Amino acid sequence: MSPRVRWLVLSAAVLLLDQASKAMVRARLPLHDSRSVIPDLFSLTHVTNRGALFGLLHDLPDPWRAVLFTIVPFAAIVLILYFQGRTAPGDRLAHGGLALILGGAAGNFLDLIRLGHVVDFLDVYVGAHHWPAFNAADSAICIGVALLVLDLLRPHQRAQPHDAAAATPAESPGSPGSANAPRPL
């Protein structure tokens, strides 16, 4: 199996996990009902979200909301596929991040298309202070973004000449014209 296909399999696994968990919540937990998992910290709470990640823009009027939450996720999915095609096969952090974001974006987009809203159920809180409810797709998107940030922050190897004879052997390793000298950005 090619590396690119493996990343698509990861995206599909995120999509399946997201949709399966949302289906279980819809089937077993009535809307707005909550079950404590870890008292004063974590509950499963069935809510719906008509907005973006963590409920952003949920009160946008319908004609704009429908257009925004149909076109933007679709464009994001297309862009992610484009970036995956342009990313070097060995860049595992970038591919992993893109694959997680793709699976999560597809999961939430599928909810919006099928249901008109996204099902959220993970409720993290301390006392009366709640983080907005989220789902497996949102988690995958956040982890994927973190992986992309890590990929951007880590030092990357510069491409070296393929022909060893192309480097001039007379230069010392630290001299300004050598292949090992730091290069300006």
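The following is a conversation about salt bridges, burial, helices and strands in a predicted model.

Visitor: What should I know about the model before we begin?

Guide: This is a predicted model, in which local features need pLDDT of at least 70 and side-chain atom pairs count only at pLDDT 80 or more, while totals for chains, interfaces and linings use all residues. Residues are numbered from 1 along each chain as its sequence is written, and side-chain values use heavy atoms, with hydrogens and water left out.

Visitor: Why is the contact between Arg 154 and Asp 151 called a salt bridge?

Guide: A salt bridge is a side-chain nitrogen of Lys or Arg within 4 Å of a carboxyl oxygen of Asp or Glu. The closest N and O atoms of Arg 154 and Asp 151 are 2.9 Å apart, so the pair meets that rule. By this rule the count comes to six salt bridges, including that of Arg 35 with Asp 33, where the corresponding distance is 4.0 Å.

Visitor: Why is Asp 151 called buried or exposed?

Guide: Buried means under 20% relative accessible area, exposed means over 50%, and partly exposed lies in between, with a 1.4 Å probe and protein chains only. Asp 151 has 7% relative accessibility and therefore counts as buried, whereas its partner Arg 154, at 32%, counts as partly exposed. In the other pair, Arg 35 is partly exposed at 45%, and Asp 33 is partly exposed at 28%.

Visitor: What makes Asp 111 and Arg 114 a pair separated by about one helical turn?

Guide: They are three residues apart in helix α3, residues 92-115, where helices (H or I, at least four residues) and strands (E, at least two) are DSSP runs numbered from the N terminus. Their side chains meet in a salt bridge at 3.8 Å, N to O. Asp 111 is buried at 0% relative accessible area, while Arg 114 is partly exposed at 45%. Both belong to a network of salt bridges that also links Asp 18 and Lys 22.

Visitor: How do you know that α3 is largely enclosed by the rest of the structure?

Guide: Of its 24 residues, 17 are buried, so the description follows from that count. Just after α3, Gly 116 takes a positive phi of about 85 degrees.

Visitor: How do you know that the span of α1 agrees with what is expected?

Guide: The expected span of a helix is 1.5 Å times one less than its number of residues. For the 26 residues of α1 (residues 3-28) this should be 38 Å, and the end C-alpha atoms are 38 Å apart, which agrees. The 24 residues of α3 reach 34 Å, close to the 34 Å expected.

Visitor: What makes β1 and β4 edge strands?

Guide: The open sheet has four strands in the order β1-β2-β3-β4, with antiparallel pairing. β1 (34-38) and β4 (129-130) each pair on one side only, and are the edge strands. Two strands pair if DSSP finds at least two bridges between them, and β1 and β2 (residues 42-49) have four.

Visitor: Why is Ser 21 called buried, and which residues does Ser 21 touch?

Guide: Ser 21 lies in helix α1 and has a relative accessible area of 13%, so Ser 21 counts as buried. Contact means heavy atoms within 4.5 Å, and Ser 21 touches Phe 121 and Ala 136, not counting residues up to four places away in sequence.
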